[in-house]
Amino acid sequence: RLIATYCQIYNACMMLLNKKAKEFANIIKIGRTHTQDATPLTLGQEFSGYTQQVKNGIERVKTTLPRLYQLAIGGTAVGTGLNTRIGFAEKCAEKISKLTGLPFVSAPNKFEALAAHDALVEVSGALNTVAVSIMKIANDIRFLASGPRCGLGELTLPENEPGSSIMPGKVNPTQCEAITMVAAQVMGNHVAVSIGGSNGHFELNVFKPMMVSNVLRSIRLLGDSSRAFTLNCVNGIVANKERIDKILHESLMLVTALNPHIGYDKAAKIAKTAHKENTTLKQAALKLGFLTSEEFDKWVRPEEMLGPK
C-alpha cells in the first residue's frame, strides 16, 4: 500500500513535469554537456527528459512487486516445510491476500525465500534509481535557477521562504535542497539493504528487520518529499525567456550548424577566434572569410537545430 501511494504521488510529479514540458515547448535554449555550452534544444525537450525519468522510475518500482508478493510462510526452519501439512503455505498466502487485498502467493522455492531477501534488495534498488533520478532533476532545476543576476538564471523558482537570515532579499532553492537530501538518504538506505541482502548465511537471512525498515523508510521519504517538491517547486517554475534567449545567442556552440557547410576545422576556428577576440560568431566568420553574411544567417538558425533533418 505504501508503494501504491508512493507511485500515485510520483505519478502526479510526472504529470506536472509533463505539463511544464508542454508549456516550455517553444522556448529555445542552449544545451550544456560537461557543464560547458553545447548545441540548442528547447526547455520543453529538457523537461521531457525529466518526465521520462520519473515515468521509468514508477515502472521500475512496479515491476519489482511480483517477487515481493512471494511469501516464505510454510518453509518453517530451513525451507523443507517440516511440521506443516501439504497445502498449508498456499492456504496461508491465500488468506493473507484476502485480508490485505494484495496478491500475495506462496513462494515457489522456500529455500530461496528464507535464505535470501533478493526481492527486498530489488525493490530497494528500484527506489535507489528513483533517488538518483531525483538528485539529477532537482540539481538541474536549482542550477538553472541560480542567480538571480550572477548565475544561469534561466528559471525562477517559487519563493517559499523569506530567504537568507543574513543576506536581505536572497531566496534559496530550499525544495530542491530538501529533496536532494532525501535522495542521498535513500541511497544510503540502499547500501544498508544491499549489505543485509548479501548476508544470508546458509539457510536463513536474519537481516530482514533492518532491510524492511530501510525500504519502508525510503518509500515514505520519497513519497513525502515528491509531494512537497511537486506542489512547492515544480508547480511554480517560471521560464525567464529574455535571459534564455540572451544566453542562447551568446553561445559559441551554434557554430556546430556550420559543420555540414564548411567543415569541422573551419567551424572550430570560427568559434575559437570569436572566443579569443570576444566577438560574435558572425563577426569571426566574416573576418576569416569562410562565408558571407547571408550564408551565416541562412545556416545558423537555432530553431533549425532541434532535431534530425
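Domain bounds here come from an automatic or database domain assignment. Keep in mind, too, that this is a predicted model.

**Exercise 1. Work out how the chain is split into domains and how the two parts meet.**

*Step 1.* Start with the bounds. Domain 1 takes in 1–72 + 107–244, and domain 2 takes in 252–304. Notice that domain 1 is written as two pieces of chain.

*Step 2.* Now find the centres. Taken over C-alpha atoms, those of domain 1 and domain 2 sit 40 Å apart.

*Step 3.* Look at who touches whom, counting heavy atoms within 4.5 Å as contact. Six residues of domain 1 are in contact with five residues of domain 2.

*Step 4.* Put an area on it. The size of an interface is often given as the accessible area lost when the parts come together. Between domain 1 and domain 2, about 400 Å² is buried, and carbon and sulfur atoms give 80% of that.

**Exercise 2. Set the UniProt annotations beside the model.**

*Step 1.* Take residues 16–188. The unreviewed UniProt entry lists them as "domain: Fumarate lyase N-terminal". In the model this span is 54% helix and 11% strand, with its end C-alpha atoms 28 Å apart.

*Step 2.* Move on to residues 254–306. The unreviewed UniProt entry gives these the annotation "domain: Fumarase C C-terminal". Here the model has 62% helix and 0% strand, and the end C-alpha atoms lie 11 Å apart.

**Exercise 3. Describe the largest pocket: how much space does it hold, and which elements line it?**

*Step 1.* Get the volume: about 720 Å³ of space lies in the largest pocket.

*Step 2.* Find the residues. There are 27 in the lining, and Leu-68, Tyr-69, Leu-71, Phe-104 and Leu-120 are the closest to the pocket's centre.

*Step 3.* Trace the lining back to secondary structure. Two or more residues come from each of helices H1 (2–23), H3 (65–68), H5 (110–115), H6 (118–144) and H8 (208–232), and from strand E3 (70–71). H8 gives the most, with five residues.

*Step 4.* Sort by class. You get 20 nonpolar, two polar and five charged residues in the lining of the largest pocket.

**Exercise 4. Do likewise for the second largest pocket.**

*Step 1.* The second largest pocket holds about 530 Å³ of space.

*Step 2.* Its lining has 26 residues, and the ones closest to the centre are Ala-145, Gly-147, Pro-148, Leu-157 and Val-171.

*Step 3.* Strand E5 (155–156) and helix H7 (174–197) are the elements that give two or more residues to this lining. The largest share, three residues, is from H7.

*Step 4.* By class, the lining of the second largest pocket divides into nine nonpolar, eleven polar and six charged residues.

**Exercise 5. Track down the enclosed space: how many cavities of 30 Å³ or more are there, and what lines the largest?**

*Step 1.* Think about the method. Rolling a probe the size of a water molecule over the atoms shows where empty space is left.

*Step 2.* Count. One cavity of 30 Å³ or more turns up in the whole structure, and the volume of the largest cavity is about 60 Å³.

*Step 3.* Name the lining: Tyr-10, Cys-13, Leu-17, Val-54, Ile-134, Ile-137, Ile-179, Ser-226 and Phe-229.

*Step 4.* Assign the elements. At least two lining residues come from each of H1, H6 and H8, with H1 supplying the largest share, three residues.

*Step 5.* Finish with the classes. The cavity lining has eight nonpolar residues, one polar residue and no charged ones.

Conventions: Residues are numbered from 1 along each chain as its sequence is written. This is a predicted model: local features need pLDDT of at least 70, side-chain atom pairs count only at pLDDT 80 or more; totals for chains, interfaces and linings use all residues. Side-chain values use heavy atoms; hydrogens and water are left out. UniProt positions are given in the numbering used here, feature names are shortened, and annotations may be inferred rather than shown by experiment. Helices (H or I, at least four residues) and strands (E, at least two) are DSSP runs, numbered from the N terminus. On a 1 Å grid over the protein atoms alone, a cavity is a set of points where a 1.4 Å probe fits but cannot get out, and a pocket is an open set with protein on both sides within 12 Å along at least five of seven lines; lining residues have an atom within 4 Å of a point. Grid points are joined across faces, edges and corners, and a volume is the space filled by probe spheres set on the points. Ala, Val, Leu, Ile, Met, Phe, Trp, Tyr, Cys and Pro count as nonpolar, Asp, Glu, Lys and Arg as charged, and the others, Gly among them, as polar. Buried area is the accessible area (1.4 Å probe) that two parts lose on being put together, summed over both.
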